[in-house]
Amino acid sequence: MLNDLLTVLPLTIVALLGCFVLLLDVLSGQTDRRYLGRITAAGFALALGSVYLLWGKTSLQLESPIFGGIMVLGRFELLACAVLLLIGLFVTLMSIDWAPEQGVSIGELYALVCFAVLGMMLLVTATHMISLFLGLEVMSVAIYVLAAFKRNSPYAAEAGMKYFVLGAFGTGLLLYGMAYAYGATGKLAFADVAQALAGKEPTGYVKLAVLMLVAAFGFKLALVPFHMWTPDVYEGAPAPVTALMAAGVKTAAVIAAGRVFVTALPPSALGSLEPTVFKILGVLAVITMTAGNLMALPQRNLKRMLAYSAVAHAGYLLIGLMAAHHVAGQPQVGDVMGALLVYLFVYALANLAAFAVVSLLGGQSQEDVSLDHLSGLSGRHPLGAAVLALAMLSLAGVPPTAGFFGKLTLFKEALRADEGKFPWLVVLAVLNSVVSVFYYLRVLVHTYFRDALRPVLLVRGTALTLALGLLAFLTLQVGLFPSRWFEATAQAARPATTQVSTSAAP
Amino acid sequence: MSASPFAETMASFPLLSLVTFLPVAGALLLLLVPGTNERAIRGTGLFISLVAFIASVFVWRRFADVTGFQLVERHAWIPSLGIGYTLGIDGISFLLVMLTTFITPIALLSSTHAIEHRVKEFTISVLLLETAMLGALVSLDLVLFYVFWEAMLIPMYLLIGVWGGKERIYATTKFFLYTMLGSVLMLVGVLYLYLRTNPASAAFADVLEIPLTRTEQLWLFAAFGLAFAIKVPLFPFHTWLPDAHTEAPTAGSVILAGVLLKMGTYGFLRFAFPLFPEAVGVYSVPMMALAVIGIIYGAMTAYAQTDVKKLVAYSSVSHMGYIVLGMFALTKAGIEGAMLQMLNHGISTGALFLCVGVLYERRHTREISEYGGLAKVVPVFATIFMIVTFSSIGLPGTNGFVGEFLILTGTFEEALSSHLDATLAWKDFLLSWRVVTTVFATIATLGVVLGAVYMLSMFRRVMFGEIKNPKNLTLKDLSPRELLYLVPMVVLIFLIGFFPNVLLNKMHRSVDAFVDHYRPAIVKARSPETVAAREGARAVEAR
């Protein structure tokens with residue numbers, strides 16, 4: 001038990017941090033709430049420190065299931081938690097100066113960010129249907145509130161409402177899927193579900209369960225045709241919250257989906273259903289990346305454009321998920337999950353950077369950031385322009401930015417999965433990335449090649465500058481010297497494989 | 001097959017890293033200089049690029065007469081993936097490295113008046129571009145090469161986009177998208193090769209060991225070849241080039257023509273030929289056909305231009321066609337000619353763009369009809385322009401002649417000889433390799449005449465005749481600064497023209513080994529009927 005409690009230290013820290021910030025906000029009478037943001041940032045840094053401590057601790061039984069097998073916090077999960085904590089840290093940093101400018105000086109903002117990150121961490125560590133659901137709800141409820149955080153803005157209200165209704169719908173689907181899976185097997189732990197299904201012909205319940213789960217994760221990941229909420233919610237929600245959605249929710253949802261489709265529903269459990277599932281996922285991947293990119297082309301609003309780019313990236317990520325699903329049970333799966341994590345990390349960095357710049361442009365309650373607002377940014381805020389340029393190049397996957405290695409490693413693993421269709425999917429994905437270059441470059445055209453059209457009020461502050469500087473540094477650092485990051489995922493991959501194979505054993 | 005032409009000699013001192021990363025160090029240094037002090041920025045930029053040139057002179061001195069890669073440096077970069085930081089040069093890349101370090105200071109020097117705003121960013125972009133180009137030339141690891149290859153795009157994109165002409169945004173976006181389209185498919189090819197190695201490695205030496213089937217080679221060559229063909233640019237992938245050249249600032253055009261285009265032909269020689277010899281054989285005829293079409297099409301389109309810069313841009317399409325033709329002939333003369341012509345084109349076309357820049361700075365127009373009779377007003381400039389024009393045409397005594405002559409000789413070597421193969425039927429005979437090459441070589445030779453037509457007619461319309469436009473009467477002749485960057489080009493034009501062996505000697509070893517090693521496989525793939533016939537004849541003789 002002590003081992004279990006020690007292992008979840010990062011989650012405990014974040015949970016306590018949220019409560020602490022909430023209490024402090026109520027108890028202290030100060031009207032300027034920036035200090036709460038600073039405390040939250042320090043708390044996230046502390047939690048990151050605890051991840052670092054746990055990483056080196058060999059005395060703890062890191063890879064074994066904890067709390068009676070409802071979650072696991074091995075190296076891989078620690079790494080995923082570190083990414084999520086980093087996202088929380090950056091979202092907090094960019095909120096500190098942005099919130100007062102937007103007239104939202106409410107301390108709950110930081111508490112909710114903490115709870116959302118806690119939910120994400122639960123989500124990536126879950127190995128049981130119930131803990132998965134718990135994590136998803138903790139995360140989603142916090143984000144529903146955050147999306148509508150600017151109460152006076154009609155956009156935010158719309159975003160919050162839309163996200164809530166469709167999110168709840170997605171959650172409902174997930175619950176149905178879990179219920180059918182439970183009905184078919186009588187089990188809730190992922191490994192038990194797989195074991196119960198293995199070698200049997202899938203019944204109607206199983207088929208329904210798989211269908212529901214695919215659709216539920218489709219909502220969370222914004223796969224076409226479940227993406228409809230994405231642009232409106234991205235546009236309406238406050239910029240730091242959108243950053244949390246784009247970076248955090250995506251990371252958590254992809255890892256969780258990966259775990260479900262690798263440990264609960266591996267090909268061995270699906271039997272004759274497998275080719276159909278594979279086909280469905282392949283079609284979803286192709287239409288998601290193609291439609292996402294095509295719809296991003298005409299966007300002039302930066303947030304909407306990033307929303308469609310998020311859709312397109314969900315398509316690339318789905319290829320990785322398919323590869324993970326395809327090699328489930330083989331030692332290779334750890335590498336594929338590691339590649340997904342690397343991709344999610346660099347994708348999160350780029351999105352955080354882009355939304356940090358959107359926050360930067362959000363002076364005096366300004367909401368709508370169109371491409372015209374970006375014109376001439378390079379002259380007025382060189383750092384912001386450079387960060388935005390790096391973020392766009394990274395999203396496009398151009399070296400020497402981090403995004404290149406994300407694409408390289410993800411597509412490498414997909415090709416390595418050694419199935420006839422993967423080369424075609426990868427070729428379609430890289431061709432799609434050429435299409436995406438067009439709209440990413442248009443951002444550069446405006447920031448660097450055009451002169452300012454209208455005055456834009458910039459948010460100025462040390463925390464935001466710090467966030468921008470750190471993001472620029474990380475994007476280039478990962479792009480130029482990625483060995484440390486790959487080393488970490490490789491270390492994480494080795495135990496992850498053993499974990500999969502032992503849990504499959506009786 | 002003979003021994004591999006890619007042995008490796010390690011370096012005792014990381015000279016190549018030094019040359020490659022000096023410009024980046026300079027760019028970082030420039031970040032510290034305040035943006036308002038333009039003189040200091042230009043001075044620092046020029047100084048750093050000159051230091052890089054001097055460092056590359058040491059490479060010249062150290063370059064030994066051995067087969068294979070030398071000055072090799074090998075370090076771990078991403079050890080867990082088997083991707084290394086491996087650098088090295090041989091006779092194929094060495095002279096292009098020299099060309100890069102030679103062109104960059106000239107490009108910087110030429111932009112003193114042309115670039116007046118955001119000087120700091122401009123200088124940093126040029127220096128970063130230099131590092132990316134050098135890196136692509138010296139890297140011996142496929143992923144490292146790809147990183148440098150793609151990294152070239154960003155500074156060039158900015159050079160055209162920020163400091164370009166009126167249509168710069170269209171041109172630079174087109175440039176980026178075209179190049180990217182080719183590159184991403186190459187990335188898939190690189191990944192495919194990488195996954196075939198065991199243990200996983202992206203090192204060129206390890207990738208060479210992979211036994212590839214004919215089908216694999218055909219697909220992979222298509223992936224790599226598209227990336228290189230777009231960069232060259234080979235007809236019909238050339239349409240980004242005139243736009244990019246016309247809109248780019250002079251320095252951008254000089255670097256683009258001087259070095260960037262060579263990346264395509266270099267890529268063919270370095271990667272496509274050794275990795276996929278069979279596919280090279282199969283694709284030889286279509287590739288050479290595209291090259292020849294490019295020669296003629298480029299020349300005819302150049303003739304129709306009214307804009308001097310566009311004319312020079314289309315002449316590039318034509319000239320690059322010769323280089324591709326020489327390479328795919330795959331004779332020693334053809335490849336050496338192609339390699340020499342890469343340098344020549346860098347020098348001559350670079351110098352042509354500089355001359356156009358000189359005109360543009362004075363009159364702010366590039367329309368040929370705006371000029372006329374300049375020879376009387378600016379005699380020194382006219383002389384230099386004339387020499388450069390002759391070099392571009394390939395007049396004997398200039399560098400262009402040697403290159404074109406070698407390429408055509410090399411191609412004709414492959415052409416119809418006196419030993420006609422009487423065993424072939426008429427139809428097979430007409431489609432046989434030798435007949436096809438004869439046709440190609442003949443058309444290419446006629447292209448030389450076309451080259452003279454458009455260049456000389458442009459020169460006549462700009463320099464000779466009556467001065468119709470009174471604005472031209474007051475033009476100033478070349479300033480000392482302009483002489484400073486044009487004279488080295490002219491000197492090189494004559495030096496290479498009279499003493500080509502200085503450069504050719506540096507290539508011999510590499511090219512000989514290369515051709516000896518890969519020619520048999522390529523020849524077998526491209527003209528199976530001749531080989532079969534010859535073997536049949538030999539069998540008859542033996543009996």
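This passage describes the contact between chains A and B of a predicted model, followed by two features of chain B. Because the model is predicted, local features require pLDDT of at least 70 and side-chain atom pairs count only at pLDDT 80 or more, whereas totals for chains, interfaces and linings use all residues. Residues are numbered from 1 along each chain as its sequence is written, and chains are lettered from A, with ligands numbered from 1, in the order in which they are written.

The contact draws 26 residues from chain A and 27 residues from chain B, two residues being in contact if their C-beta atoms, placed from the backbone, lie within 7 Å. On the side of chain A that touches chain B, the elements giving two or more residues are α19 (402-416), α20 (422-449) and α22 (483-504), and the largest share, 12 residues, comes from α20(A); helices here are DSSP runs (H or I, at least four residues) numbered from the N terminus. The residues on this side comprise 21 nonpolar, two polar and three charged, where Ala, Val, Leu, Ile, Met, Phe, Trp, Tyr, Cys and Pro count as nonpolar, Asp, Glu, Lys and Arg as charged, and the others, Gly among them, as polar.

Within chain B, B:L137 lies in helix α4 (residues 119-138) and counts as buried because it has 26 C-beta neighbours inside 10 Å, the criterion for burial being 20 or more other C-beta atoms within 10 Å of a residue's own, placed from the backbone. Beyond its neighbours within four places in sequence, B:L137 is in contact with B:S93, B:L96, B:V97, B:T100 and B:Y266; of these, B:L96 is 41 residues away in sequence, with a C-alpha to C-alpha separation of 7.5 Å. Helix α6 (residues 153-163) of chain B is mostly covered, with 11 of its 11 residues buried, among them B:P155, B:Y157, B:G161 and B:W163.

Conventions
Buried ≥ 20, exposed ≤ 12 C-beta atoms within 10 Å, placed from the backbone.
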